[in-house]
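Please have your viewer ready and a selection tool at hand. The tour below goes from an overview to a few places worth selecting in turn.

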Amino acid sequence: MSEQALKELGDHIAATLGDDVLKVELKLGELMVTVRRPSLIKSLTFLRDDPTCSFEQLLDVTAVDWPEREERFEVVYILLSYKHNRRLRVKVTTDEDTPVASAVPVYNAAGWFERETWDMFGIFFSDHPDLRRILTDYGFEGHPLRKDFPMTGYVECRYDEDQKRVVYEPVRLTQDFRSFDFLSPWEGMTNVMLPGDEKAQAPDSGSKP
């Protein structure tokens, strides 16, 4: 779709939703619309039902963490229109404590996507029918895709033979795991003969003297 067509669509969305829209922008050939958090469900319903938009399918719900901002999270909804063969990104912002309305009443597929966003970022979706963790283990602490989550996590699990069960313990890394040479396995294997290397050293029997 041409940039002019996307711009006209953005103008149509902004004109119809009015003050519910905070920003319309065109980046990297994609249309992005930022809406007010209280107007999310109204905006998604319009984008689904309006004939000019017809975004019938929700492809994904994810988020971006900007810890330096007052509302650190951008929740991103990726929509697809089969009728017009185009995509749209809808964004709302929130903080660690303020919930975002669940999009399940508008797009049933939002159920699992919102569970994943809750699990990874800790963004709460109000009125979600079953908001539970979906990727991490039972009893997992924290939300791994937050920028302030430690790279090694908080705890590690192992099977304890004495207790005959899985136990959780604080992460302990030996010094060997803290030192990296940043070489690929192939770059580091300079003095190792691998199967097939002998062919490169053997003289070419088919060549003339």
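What follows is a walk through the whole chain, then a helix, a surface patch and a loop residue.

Begin with everything shown as a cartoon, keeping in mind that this is a predicted model. Five helices and nine strands make up the secondary structure of the protein, and, read along the sequence, they follow the pattern α-β-β-α-β-β-β-β-α-β-β-β-α-α. If you colour by burial, 33% of the 209 residues count as buried. If you draw the contacts between residues at least 6 apart in sequence, 46% of them join residues at least 24 apart. Switching to a surface view, the accessible surface comes to about 13,900 Å², of which 53% belongs to carbon and sulfur atoms.

Next, select residues 3-17, which form helix α1. This helix has 15 residues and reaches 21 Å from its first C-alpha to its last, close to the 21 Å expected at 1.5 Å a residue. Show the side chains of Leu 6, Leu 9, Ile 13 and Leu 17 together with Gly 10, since these are the buried residues of α1. Turn the view to look down the axis of α1: the buried residues fall within an arc of 100°, so they line one face of the helix. To see what that face meets, add β1 (21-27), β2 (30-35), α2 (40-49) and β5 (86-94), against which the buried residues of α1 pack. Before leaving this region, select Gly 18, just after α1, where phi is positive at about 60°.

Now move to the surface and select Tyr 154, Val 155, Tyr 159, Val 166 and Tyr 168, which make a nonpolar patch of about 480 Å². Colouring β8 (155-160) and β9 (165-170) separately is useful here, as each of these strands supplies at least two residues of the patch. Within the patch, pick Val 166, whose place is in strand β9. Is Val 166 buried, partly exposed or exposed? With a relative accessibility of 43%, Val 166 counts as partly exposed, because the partly exposed class lies between 20% and 50%.

Finally, select Arg 132, in the loop between β7 (125-126) and β8. Its relative accessible area is 45%, and Arg 132 is therefore partly exposed. Leaving aside neighbours within four places in sequence, Arg 132 is in contact with Arg 115 and Trp 118, so display both side chains. As a last step, draw a C-alpha to C-alpha distance from Arg 132 to Trp 112, which is 20 residues away in sequence and 9.4 Å away in space.

Note on methods
Residues numbered from 1 in each chain as written. Predicted model: local features only at pLDDT ≥ 70, side-chain atom pairs only at ≥ 80, totals over all residues. Heavy atoms only, no water. Helix = DSSP H or I, 4+ residues; strand = E, 2+ residues; numbered from the N terminus. Expected span 1.5 Å × (residues − 1). Buried < 20%, exposed > 50% of the residue type's maximum accessible area, 1.4 Å probe, protein only. Arc of directions from axis to C-beta. Contact = heavy atoms within 4.5 Å. Patch = residues over 30% accessible without salt bridge, like charges linked within 9 Å, V, L, I, M, F, W, Y side chains within 5 Å. Areas by Shrake-Rupley, 256 points an atom, 1.4 Å probe, with all protein chains shown as cover. Salt bridge = Lys/Arg side-chain N within 4 Å of Asp/Glu carboxyl O.
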